[in-house]
Amino acid sequence: MKKTLLAFLILFLSVQIFAQKNTNERAEWFTDARFGMFIHWGLYSGAEGYWKGEKLRNNNDYAEWIYYRNQIEKDEYVSLLDRFNWEDIDPEEWVILAKKAGMKYVTITAKHHDGFSLWDSKVSDYDLGNYTDRDIIKEMAEACKKHGLKLGLYYSHWVDWEHPYGWSHEREIDGITPEEYDQYWQEKVIPQVRELLTNYGDIALMWFDMWINHKDAVVSKDQLLQLKNMIRELQPNCLVNSRLGLSIEEDPDIDFKTLGDNQLGSKKEDFPWQSPATVAHSWGFHSSDTQWKSTSALLKSLIGNASLNGNFMLNIGPRANGDVPFEISQRLLEMGEWLKVNGESVYGSEAFDLDADQHDWGKITCKPDENSFKLYLHVYNWPLNKKLFLTGVNEIPEKIYLLSDKEKTPLQFEHISTFTSIDLPSDQPDPYVSVVVLEYSKRPIVINDIAAKTTDGGYALKPHNQISRLKNISVTPASKYGTVPAHVVVENEQTFKWKVFIDEPGDKKVDVSYSFQGKGNSGKFTVQTYKAELKGDISETGLTVGEPNENWHIENFKSKNLGTIHFPEAGMYDIELSIEPAKNEPVNFQWMWIK
């Protein structure tokens with residue numbers, strides 16, 4: 001047993017890994033910041049999702065699309081300015097809210113798809129300066145400088161519903177020539193972005209919004225390079241996002257990748273990336289919006305992205321009088337209070353070397369210090385047994401404490417090889433997410449490919465947490481609204497393999513969850529580990545009703561107990577499950593459970 005463990009450690013010990021190797025110098029502040037504010041505010045804010053008593057003509061209810069969706073005439077659309085209370089509108093309040101929320105940068109929609117600009121543009125008469133004496137971009141720049149936040153500008157370059165040759169999706173019917181589109185590009189896009197980068201001081205990032213690659217759009221790669229090169233010339237430190245229309249893979253000079261709307265990270269990346277997200281649903285203010293995400297959900301989105309080397313840019317949609325909806329400001333202020341205590345675990349943090357989904361209690365971030373290396377365990381669900389299990393770190397922590405504890409009172413713990421068990425206090429220190437800090441003298445070596453011990457003390461062995469070389473298998477995704485779980489269809493004999501660290505030796509029960517639609521007993525399960533073996537028949541599981549009264553009959557996935565396995569001592573074990581179905585009688589395997 002000890003020889004097996006030693007060989008395993010030599011094989012799987014990882015070397016020191018540094019996150020986001022592909023971060024350029026320009027973007028270092030961005031990866032440190034982690035949290036920013038998005039502001040969607042423009043003419044559409046005056047409509048509030050309705051035009052002449054009719055709600056926005058699309059079920060996605062993106063209020064900022066009402067000009068296009070409801071086919072509003074340009075002159076009538078501009079009349080929405082009459083609804084704006086200019087004496088009440090103070091962009092500095094948005095910046096102050098961002099600062100209180102713990103955000104480090106702000107990105108505002110300088111020009112959205114409607115083509116209307118929030119500054120006094122000299123190359124267009126369709127801007128705020130031609131109708132009012134206000135320059136919102138100037139006011140935002142001054143407020144950000146005053147309060148120490150970085151300013152980003154959203155600019156819709158691909159789509160412009162106002163310019164006669166800008167791209168509107170109606171062009172899919174009418175068509176547009178490359179020469180016509182280039183006229184729009186040279187007349188409006190290039191000179192307006194030049195104005196933004198010339199007249200308002202340091203701009204931290206330009207946030208473009210083409211959600212497809214240039215190969216699938218009217219804009220050409222040469223036009224995009226012209227725009228990017230001008231930005232590099234005017235403000236060399238200004239970041240450019242991938243929604244310019246050039247992916248990071250295509251052009252390494254792109255500074256960060258932008259995911260889809262409200263799309264959170266799913267894997268660790270070594271380049272900077274960001275999720276644009278909403279508190280409710282619509283980006284611009286919509287009076288019928290009620291889909292408010294909770295503070296806990298928003299914090300978990302921020303933490304989850306940080307644990308994968310990503311940023312989180314959270315949107316506010318102020319009303320035409322400048323007010324931020326209470327439900328949004330309330331959540332932002334609550335996030336800010338959490339970050340006052342726990343911000344150390346987010347700002348400047350990076351992904352750790354373990355699988356991000358390894359533990360069922362939450363997420364891990366990490367940070368090197370001058371004299372130590374810290375792991376931050378973000379505990380989403382405070383364990384009922386007051387024990388927190390960390391699997392895969394092969395070093396003994398020097399100290400463990402709650403981040404919220406200013407005295408850093410040590411928590412008691414036990415460490416065996418690659419397993420750490422932490423004694424938690426009875427009361428959860430934070431109602432949203434509590435953070436436990438583990439300090440090491442240096443970056444700890446980790447062992448990957450281990451199925452971690454769950455919060456309730458068992459081992460959930462699934463296709464995705466097998467050892468790496470066996471993970472590339474075909475998994476049938478969940479279906480029928482999740483009533484049919486994800487599973488692997490086993491048609492011929494197949495073996496699944498896991499590694500687990502058993503910290504408490506003894507007898508443990510073994511269960512397998514599967515579906516089999518054959519008759520009677522047909523085929524065999526075999527479980528093997530160190531000097532132990534279990535066998536069991538594959539029995540029919542039949543059908544069940546997925547949804548009552550809906551004639552919704554689905555395969556039944558049942559848990560079958562195969563017996564008990566004895567683990568003689570604490571240590572690392574290889575667990576194998578072989579499924580041997582009968583000919584032409586497939587088995588749908590879901591998971592194996594050991595406890």
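Colleague: Which residues lie nearest the centre of the largest cavity, and how many line it?

Modeller: Ala280, Ser282, Gly284, Phe285 and Ile328 lie nearest the centre, and the lining has 15 residues. Please keep in mind that this is a predicted model. The volume of this largest cavity is about 80 Å³. By class, its lining holds eight nonpolar, six polar and one charged residue.

Colleague: What makes a space a cavity and not a pocket?

Modeller: The test is whether a 1.4 Å probe that fits inside can get out: in a cavity it cannot, while a pocket is open. With a floor of 30 Å³, the count comes to two cavities.

Colleague: Which residues line the second largest cavity?

Modeller: Asn342, Leu402, Leu403, Ser404, Pro429, Asp430, Val433, Ser434 and Val435 do. Five of them are nonpolar, three polar and one charged. The volume is about 30 Å³.

Colleague: And the open spaces: what volume does the largest pocket have?

Modeller: The largest pocket comes to about 440 Å³. Its lining has 21 residues, and Asp355, Asp357, Gln358, Ile450 and Asn465 are the closest to its centre. Sorted by class, the lining has eight charged, eight polar and five nonpolar residues.

Colleague: What volume does the second largest pocket have?

Modeller: About 350 Å³. Here 18 residues form the lining, with Lys150, Leu151, Asp202, Ile203 and Ala204 closest to the centre. Two elements, α7 (136-147) and β5 (150-155), each give two or more residues, and α7 gives the most, with three. This lining divides into ten nonpolar, five charged and three polar residues.

Colleague: Let's turn to cysteines. How do you know that cysteine 144 is too far from the closest cysteine sulfur for a bond?

Modeller: A disulfide needs two cysteine sulfur atoms within 2.5 Å. The closest sulfur to that of cysteine 144 belongs to cysteine 238 and is 13 Å away, so the gap is too far for a bond. The rule finds zero disulfides in this model.

Colleague: Why is cysteine 144 called buried?

Modeller: Buried means under 20% relative accessible area. Cysteine 144 has 2%, so buried is the right word. The verdict for cysteine 366 is also buried, because its value is 0%.

Colleague: Where is serine 349 placed, and what makes you call it buried or exposed?

Modeller: Serine 349 is in the loop between α12 (326-342) and β11 (350-351). Its relative accessible area is 2%, so serine 349 counts as buried. Leaving out residues up to four places away in sequence, its contacts are Thr31, Arg34, Ala306, Thr365, Cys366 and Lys367.

Colleague: Why is the pair of aspartate 251 and lysine 228 called a salt bridge?

Modeller: The cut-off is 4 Å between a side-chain nitrogen of Lys or Arg and a carboxyl oxygen of Asp or Glu. In this pair the closest N and O atoms are 2.5 Å apart. Aspartate 251 is in the loop between β7 (239-240) and β8 (257-258), and lysine 228 is in helix α10 (residues 221-234), so the bridge ties together parts 23 residues apart in sequence. With a relative accessible area of 11%, aspartate 251 is buried, and lysine 228 counts as buried at 5%.

Colleague: What about arginine 232 and aspartate 255: how far apart are their closest N and O atoms?

Modeller: They are 2.9 Å apart, and the two residues form a salt bridge. Arginine 232 sits in helix α10 and aspartate 255 in the loop between β7 and β8, so this pair too meets the 4 Å rule and links distant parts of the chain, 23 residues apart. Both residues are buried.

Colleague: Where do lysine 524 and aspartate 537 lie?

Modeller: First the pairing: their side chains meet in a salt bridge, 2.5 Å from N to O. Lysine 524 lies in strand β23 (residues 521-529) and aspartate 537 in strand β24 (residues 532-539), so the bridge joins parts 13 residues apart in sequence. Partly exposed is the label between 20% and 50%. Lysine 524, at 40%, is therefore partly exposed, and so is aspartate 537, at 27%.

Colleague: Which residues do salt bridges that share partners join into one network?

Modeller: Arg26, Lys228, Arg232, Asp251, Asp253 and Asp255. Across the model, the count comes to 32 salt bridges.

Notes:
Residues numbered from 1 in each chain as written. Predicted model: local features only at pLDDT ≥ 70, side-chain atom pairs only at ≥ 80, totals over all residues. Heavy atoms only, no water. Buried < 20%, exposed > 50% of the residue type's maximum accessible area, 1.4 Å probe, protein only. Contact = heavy atoms within 4.5 Å. 1 Å grid on protein atoms, 1.4 Å probe; cavity = no way out; pocket = protein on both sides within 12 Å on 5 of 7 lines; lining within 4 Å. Points joined across faces, edges and corners; volume = space filled by probe spheres on them. Nonpolar A, V, L, I, M, F, W, Y, C, P; charged D, E, K, R; others polar.
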